[in-house]
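Got the viewer open? Set it to a cartoon view, keep the selection box handy, and let's walk through this one stop at a time.

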Amino acid sequence: MAYRTTSRNGKRFLGNTNTTEVHDLLKEDKRSNGCQIDEFLRAGHGVYFIPDTHEQAKKEGYDNCAKCIGSSTR
Ligand SMILES: [Zn+2]
């Protein structure tokens, strides 16, 4: 399942409901044109996954962020 969050604490994968892309916080691109995780969290578009895995995010229809995960399937 995916649950709304405004915090990245303790998470590895975060989804953006606006773009339906998933990000890997261990590989986050922090440049201004990168993942923009803080921006979408602030905007209320953040979700985390249970379990907190890339596989789960994909099952829920989230595509790979090109900046931190790559190999977008769209
Ligand atoms: Zn990303």
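Start with the whole chain: for 74 residues, a compact globule would have a radius of gyration near 11 Å, and the protein agrees because its own value is 11 Å (taken over C-alpha atoms, with the globule rule being 2.2 Å times the number of residues to the power 0.38). Draw a box along the principal axes and the C-alpha atoms fill roughly 30 × 25 × 20 Å.

Before you click on anything, two housekeeping notes. This is a predicted model, where local features need pLDDT of at least 70, side-chain atom pairs count only at pLDDT 80 or more, and totals for chains, interfaces and linings use all residues. Residue numbers run from 1 along each chain as its sequence is written.

Now colour by secondary structure. You should find 2 helices and 5 strands, in the order β-β-β-α-β-α-β from the N terminus. Helices here are DSSP runs of H or I with at least four residues, strands are runs of E with at least two, and both are numbered from the N terminus.

Next, select strand 2, residues 13-16. Phe 13 and Gly 15 point one way while Leu 14 and Asn 16 point the other, and all are buried (20 or more other C-beta atoms within 10 Å of the residue's own; exposed is 12 or fewer, partly exposed is in between, and C-beta atoms are placed from the backbone).

Which strands does strand 2 pair with? Add strand 3 (residues 21-24): 4 bridges join it to strand 2, antiparallel. Then add strand 4 (residues 46-49), also antiparallel to strand 2, with 3 bridges. Pairing takes at least two DSSP bridges between the strands. For landmarks, Gly 15 sits opposite Val 22 in strand 3, and Leu 14 has Tyr 48 in strand 4 as its bridge partner. On the way round the hairpin of strands 2 and 3, with 4 residues between the strands, stop at Thr 20, which takes a positive phi near 45°.

Show side chains for the largest nonpolar core: Ala 2, Phe 13, Leu 14, Val 22, Cys 35, Val 47, Tyr 48, Phe 49, Ala 57, Tyr 62, Cys 65 and Cys 68, 12 residues in all. The largest share, 3 residues, comes from strand 4. Such a core is a set of buried Ala, Val, Leu, Ile, Met, Phe, Trp, Tyr and Cys residues joined through C-beta atoms within 7 Å.

Last stop: Val 47. Leaving aside neighbours within four places in sequence, Val 47 is in contact with Ala 2, Tyr 3, Arg 4, Thr 5, Gly 15 and Thr 17 (contact puts C-beta atoms, placed from the backbone, within 7 Å).

Methods
Two residues are in contact if their C-beta atoms, placed from the backbone, lie within 7 Å.
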